[in-house]
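User: I have a protein–DNA model open and want to learn how to read it. Can you take me through the features one at a time?

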Amino acid sequence: MPADARPLSFDFFNRPADRVARDLLGCRLAVCGPDGTTTRHMVVETEAYLGAHDLACHGSKGMTARTAVMFGPAGVWYVYLCYGMHWMLNVVTGAEGVPAAVLIRGVVGQAGPGRLTRALGIGREFNGRRATRSTGLWFEPGMPVSSRLIDRTPRIGVAYAGDWAAKPLRFVVDPGRLTMVEGGTVRAARRTRSTGPCMRR
DNA sequence: ACGATGATGAAC
DNA sequence: TTCATCATCGTA
């Protein structure tokens, strides 16, 4: 049984989205289900949406009824329906007035933002609510993940965003190098064999 | 009121 | 590559 961890708080989220997205890897998304049972899921994939200047970010089109929460304080859920059927779970980051957020794209066992929310029973009811224990959906710190284990790639599905489409703002824990130990510790998988020159850095 | 459009996922 | 499916937002 994991000891109760202190949820990630405002200070964690009140930073640029790319830093939050990176640091969220290895952390746990905790959900308290309707039956009162809390489940924890290690975050392994995120995307950063940086603000009004980021053309892939919803907030770049200005404030609307949907995107208003992105302009608000950090540490609040931004949940919206995508393609008419998938709920996207984001957490607002950065200073108030800056429309930035991090999309939670994957946790261990659930790849894809739409599948993740479906599996955890997350829907629009969390939109605008804070990521705290009291709302039933929050984050807890995990084992820090070494940068060696993290891939950075362009974000998915934002080809329309001009120069911003290619920015490496998607963060993924390389599953081939992730080892899950009892208790959820993240470690580098043992290198089984070296077939070529050792890649440094 | 109407039409275009997705920060997807699954099937073919 | 096609399609399911619908809230959102610009346009009228």
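Analyst: From the N terminus, the elements of chain A follow the order α-α-β-β-β-β-β-β-α-β-β-β-β-β. Helices (H or I, at least four residues) and strands (E, at least two) are DSSP runs numbered from the N terminus. This is a predicted model, in which local features need pLDDT of at least 70 and side-chain atom pairs count only at pLDDT 80 or more, while totals for chains, interfaces and linings use all residues. Residues are numbered from 1 along each chain as its sequence is written, chains are lettered from A and ligands numbered from 1 in the order in which they are written, and side-chain values use heavy atoms, with hydrogens and water left out.

User: How many helices and strands does chain A have, and what percentage of its residues count as buried?

Analyst: Chain A has three helices and 11 strands. Buried means under 20% relative accessible area, exposed means over 50%, and partly exposed is in between, with a 1.4 Å probe and protein chains only. By that rule 46% of the 201 residues of chain A are buried.

User: How is an aromatic pair described, and how many are there here?

Analyst: Two aromatic rings are described by the distance of their centres and the angle of their planes. Rings of Phe, Tyr and Trp (its six-membered ring) pair if the centres lie within 6.5 Å; planes under 30 degrees apart count as stacked, over 60 as edge-to-face and the rest as tilted. The count is four aromatic pairs. Phe-13 and Phe-139 make a tilted pair, with 6.0 Å between centres and 40° between planes. Phe-13 is in helix α1 (residues 10–13) and Phe-139 in strand β7 (residues 137–140), so this pair ties together parts 126 residues apart in sequence. Phe-13 and Phe-139 are both buried, and they belong to one aromatic cluster with Phe-12 and Trp-77.

User: Which charged groups sit over rings?

Analyst: The test is that NZ of Lys or CZ of Arg is within 6 Å of the ring centre and within 35 degrees of the ring normal. The charged end of Arg-66 sits over the ring of Tyr-80, 5.3 Å from its centre. Lys-167 lies over the face of Trp-164, 4.9 Å from the ring centre.

User: Which residues come nearest to DNA strand B?

Analyst: A residue is near a strand if one of its heavy atoms lies within 4 Å of it. Around DNA strand B there are 20 residues, of which His-58, His-86, Asn-90, Gly-114 and Tyr-160 come nearest. Sugar and phosphate make up 54% of the strand B atoms within 4 Å of the protein. For polar contacts, the criterion is a pair of N or O atoms within 3.5 Å; within protein, one must be able to donate a hydrogen and the other to accept it, and residues adjacent in sequence count only if both atoms are side-chain atoms. A polar side-chain atom of Asn-90 is 2.6 Å from a base nitrogen of strand B, and a polar backbone atom of Arg-115 is 3.1 Å from a phosphate oxygen of that strand. Helix α3 gives the largest share of this surface, four residues.

User: What about DNA strand C: which parts of the strand does the protein approach?

Analyst: Of the strand C atoms within 4 Å of the protein, 71% belong to sugar or phosphate and the rest to bases. A phosphate oxygen of strand C is 3.0 Å from an N or O atom in the side chain of Arg-124. A base oxygen of strand C lies 2.6 Å from a polar backbone atom of Tyr-83.
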